[in-house]
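This report introduces selected features of one protein model to a reader who has not met it before. Please consult the sequence and the structure while reading the sections that follow.

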Amino acid sequence: MRKSVKLLAAAAAVGLGTFFGGIPLQSQAESISNLKKEQSNIQEKRSGVQSNLNDVQGQINDLKNQQTNVKTEMQRIDLAIGSTTKEIETKTAKINETKAEISKLQDEIKVISERIEKRNLLLKDRIRNYQVTGGAVNYLDVLMGATSFSDFIDRANAVATIMQADQDILKQQEADKKTLEEKEAQVEKDLADLEKLVADLEKMNQQLAEQRAEKDRLLGDLVEQEGEAHEYKMELQEQEQALAAQESAIQKLIKQEQERQKQQQQQQSASSSKSSSNASISVSSGAFTRPTNGPVTSGYGYRTYNNEFHNGVDFGRVTNSDPIVAAADGIVFRSYLSSSYGECVMITSMVNGQLYTTVYAHMVSGSRLVSEGQTVKKGQQIGIKGETGQADGIHLHFELHKGKWEADKRNKINPVGIIPGL
Ligand SMILES: [Zn+2]
């Protein structure tokens, strides 16, 4: 086909000049205004991305502030839990003391009850001794043994005193027992109060622990949201980089196009679209060439096996160092490492007055041969087929976009029928 290009060029040279390199003159004139439209479109897009970036930065700041607030609340709750727990410990110790006191009182009551019991028995004995003779000590004998009336009185008083003393002791013991029992009742009441207090404190602690868990969850959510916002921010920054690079590539295309038209007006065959041919890849003669050798392992379109849309065409490996070439003349606007595309090159091309974008992904690390802003020729090697980024095995993932590259890939098209050999 190179022959026919020459023929056309020759035809142009002899004044038939409606066509140049197969492109109608009119569309060449239009192509610059189209490129300028694309450029202002990109500028608009960039200001949109910039405003999204500002928004997401605001969100990140807001999420950080919320996290600080939640952490402060968590500290407050932790302090409250700490002091409540301490109070529970103190009161529980007090409960144990009180229980010990109660059991001591109960022991004392038991001892005193036994004493009262014994004394009662003793007194019953004595009373029996008043009425029944034959006891070892008989009050009646004591009285009857009086030598005189005054001796009798003395003896009677002595007996009365002894009986009174017995009664007094008994009364005292009963009084002691009553005091102990009253004390026990009071301490039992104290114990009940303490146990109620501890139960309340434990309930409060439970509520605080629930509040703490809720704050934990909230903080987790906020951290996750911040992570997502950061991811989105990085996406936007990558978009902004791609747009900026694309804008300057289009600026270059405009210059090249102006240059070509100037040369064309001078009736010069300026643009020899001779490709720097690559040893192992045959370069097609049209505007596009196949970007690499190797079989098509996955075509463009909907994949039933994973319910996903495949935005490009995959070319499998032939050797471990298959070259990848530019599918058309153009300007490299991205040559970078992407988390998904891996080592990746993006080229913007003007073909017959139409802007196209080609994407070459998963190249071997360090194999990219072109840099951003560089002009490339169709068939010029730009890298080596690899499996960097999100790739299963060595392959070239190739995308064709009719128009500029957009983050949502809205301009993607099926390369079949445009790229030869598919
Ligand atoms: Zn693919």
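## A pair in helix 4

Lysine 196 has a relative accessible area of 53% and is therefore exposed, since exposed means over 50%. The model is a predicted one. The salt-bridge partner of lysine 196 is aspartate 200, with 3.1 Å between N and O. Aspartate 200 has a relative accessibility of 40%, so this residue counts as partly exposed. About one helical turn separates the two residues, because they are four residues apart in helix 4.

Elsewhere, salt bridges with shared partners link Glu38, Lys45, Lys404 and Glu406 into one network.

## Further salt bridges

Side chains of opposite charge can pair when their charged atoms come close. Across the whole structure, a search finds 24 salt bridges. One of the pairs is formed by lysine 177 and glutamate 181, whose closest N and O atoms are 3.9 Å apart. Both residues belong to helix 4, which covers residues 149-265, and they are four residues apart, about one turn of the helix. Lysine 177 is partly exposed at 23% relative accessibility, and glutamate 181 is partly exposed with a relative accessible area of 36%.

Another salt bridge joins the side chains of lysine 91 and glutamate 87, at 3.8 Å from N to O. Helix 2, residues 25-131, holds both of them, four residues apart, or about one turn of the helix. The relative accessible area is 22% for lysine 91, which is partly exposed. For glutamate 87 the value is 33%, and this residue is partly exposed as well.

## The zinc site

Which protein residues are the donors of the zinc ion? They are His310 through NE2, Asp314 through OD and His397 through ND1, at 2.0 to 2.2 Å from the ion. Along the sequence, the spacing of these donor residues follows the pattern H-x3-D-x82-H. Histidine 310 and aspartate 314 are both buried.

## Asparagine 414

Asparagine 414 lies in the segment that follows strand 14, residues 412-413. With a relative accessibility of 33%, asparagine 414 is classed as partly exposed. Its side chain comes to 3.1 Å from the backbone nitrogen of valine 416.

Lysine 402 is twelve residues away from asparagine 414 in sequence, and the C-alpha atoms of the two residues are 9.6 Å apart in space.

Methods:
Residues numbered from 1 in each chain as written. Predicted model: local features only at pLDDT ≥ 70, side-chain atom pairs only at ≥ 80, totals over all residues. Heavy atoms only, no water. Donors = N, O, S within 2.8 Å, 3.2 Å for Na, K, Ca; no water. Buried < 20%, exposed > 50% of the residue type's maximum accessible area, 1.4 Å probe, protein only. Polar contact = N/O pair within 3.5 Å; in protein donor to acceptor, adjacent residues only side chain to side chain. Salt bridge = Lys/Arg side-chain N within 4 Å of Asp/Glu carboxyl O.
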